[in-house]
Amino acid sequence: MISRLKGTDDILPPDSAKWRVLLRAFGSLAERFGYDLALLPVIEPTELFSRGVGEATEIVEKQMFTFEDRGGRSVTLRPELTAGMVRAFLASGAQGTLKLAAGGPMFRYEQPQKGRRRQFYQVDLEYLGEESPEADIEIIEVCYRLLEEVGIEGITLKLNSIGDPSDRAGYRSILQEYLRGRKGDLSKDARDRTESNPLRVLDSKADADIVADAPVPLDHIGESAQEHFDAVRAGLETLGITFEVDPRLVRGLDYYNRTVFELFSPAFEAAQSALGGGGRYDPLAVAIGASREVAAVGAAMGCDRIVEAMPAPGGDRLDLFVTVAEPNLRGQARLWISRLRRDGIRVDWDPTPGRSLRGQFKAADRSGAAAVAVVGEEWEVGQVTVRRLATGEEARVAVEEVGAWSTSR
Ligand code: HAM
């Protein structure tokens, strides 16, 4: 037997039932908030990420699945979607704003554990071409509602502003100076990062004591970033979305400016890992070679983690299981089942010809259906016998009414 690669999963029933609920909720929310679907390549030029996500990030330094294709080009399995979304937006020549929803597998070479996979799934939203704080508020709201709608409890939203790139240059040297002064007490990683990417030290768990007293970006942001942040906060408040400002929240990707956020739930407790996160990334387009800045904000939610935190969906798997008592009625039963399915009823039956009625009832029990119908003698007079499996309640119902009967629970 060949086994799957470390850090990858086979997502099968019964677990996949939660995935279906999650992906449906995402699709529905995206539509309700006016986000159109985007389907992007899983494989991209390596440069898209080294320039987009940032050379000095953990993702680009250590986690990418990068290889040379047969034509000698360096290609990478996408570790995230945002850089690709901006690339696609620019390539399409679209003007104005575009609201896009996407999702699918991402790849990061991580040390696998619960909620930290090498192939994992994100659902992603990007609001492109909009600088108003309304876009930030909306993106955060969709993420929050997604978690609410799939039944996640105790949602915590952490929010911060890291200001604009011009604010950051000044802040970076202030932080660097502070960290250099404490060099002897820093972990090796933090010492290296002090020079290459000092902001990342702020979320270093190993250096929590030193970080606790470090200067934070929020105290060094410019006036217009501050106004923007105030508007985002006020907007969230009017929507009843509670948040904590976390001045040490910086995110692991380099393209952000202004708003950054992450969502958590105690139902997924592994290593304080976020169920999702995002922020504003106005500098990204230029970083990947655009001639103009594209104001944008977005978020990605980690499906593997959300599913861990979600309650199992209740309810039945099927509305109806059809059994056939008279073998010569199989053809008519098939046509009837086909009609029910086209009418939106969830129906299944036993495909094995000649299986005893008892055998078919066993299959009905295993199927997770709410009710079973017997196509038998009464078919002649346009009726079937139906039975609700939970209560044993039995009735004879006209064939054309079974659909309504089976969904009227
Ligand atoms: P990110 O924080 O790197 O952001 O990933 C978003 C979410 O993906 C995380 O909060 C987590 O739930 C999930 N995730 C990340 N890595 C793994 C992993 N190895 N295994 C399982 N789940 C994981 C981004 O990717 C940005 N592109 C978000 C964004 C969109 N910003 C603006 N637009």
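A disulfide is a pair of cysteine sulfur atoms within 2.5 Å. The structure, a predicted model, holds 0 disulfides. C143 is in no such pair, and the nearest cysteine sulfur, that of C303, is 11 Å away. Seen from the other side, the closest cysteine sulfur to that of C303 belongs to C143, and the 11 Å between them is too far for a bond. Both cysteines lie inside the protein. C143 counts as buried because its relative accessibility is 3%, and the cut-off for burial is under 20%. C303 has a relative accessible area of 1%, so C303 is buried as well.

The overall build was examined next. The protein has 409 residues, and buried residues make up 51% of them. There are 14 helices and 16 strands. The C-alpha trace spans about 90 × 55 × 45 Å along its principal axes. The domain assignment gives two domains. Domain 1 is built from two stretches of the chain, 16–162 and 245–309. Domain 2 covers a single stretch, 320–407. The C-alpha centres of domain 1 and domain 2 lie 45 Å apart.

The surroundings of the ligand were then described. The shell around the ligand contains 27 residues. Five of them come nearest: E80, T82, E110, R251 and Y256. By residue type, the shell divides evenly, with 9 nonpolar, 9 polar and 9 charged residues. Several strands contribute to this shell. β6 (119–128), β10 (276–280) and β11 (296–302) each supply at least two of its residues.

Polar contacts were found at specific atoms of the ligand. T82, one of the residues that come nearest, has an N or O atom in its side chain 2.8 Å from a nitrogen atom of the ligand. The side chain of Q122 also takes part: one of its N or O atoms is 3.1 Å from an oxygen atom of the ligand. At G276 the partner is a polar backbone atom, which is 3.3 Å from an oxygen atom of the ligand. The ligand on its own has 660 Å² of accessible area, and the protein covers 96% of that area.

Technical notes:
Residues are numbered from 1 along each chain as its sequence is written. This is a predicted model: local features need pLDDT of at least 70, side-chain atom pairs count only at pLDDT 80 or more; totals for chains, interfaces and linings use all residues. Side-chain values use heavy atoms; hydrogens and water are left out. A residue is near a molecule or strand if one of its heavy atoms lies within 4 Å of it. A polar contact is a pair of N or O atoms within 3.5 Å; within protein, one must be able to donate a hydrogen and the other to accept it, and residues adjacent in sequence count only if both atoms are side-chain atoms. Accessible areas come from the Shrake-Rupley method with a 1.4 Å probe; for residues, only the protein chains shown count as cover. Helices (H or I, at least four residues) and strands (E, at least two) are DSSP runs, numbered from the N terminus. Ala, Val, Leu, Ile, Met, Phe, Trp, Tyr, Cys and Pro count as nonpolar, Asp, Glu, Lys and Arg as charged, and the others, Gly among them, as polar. Buried means under 20% relative accessible area, exposed over 50%, partly exposed in between (1.4 Å probe, protein chains only). Domain bounds come from an automatic or database domain assignment.
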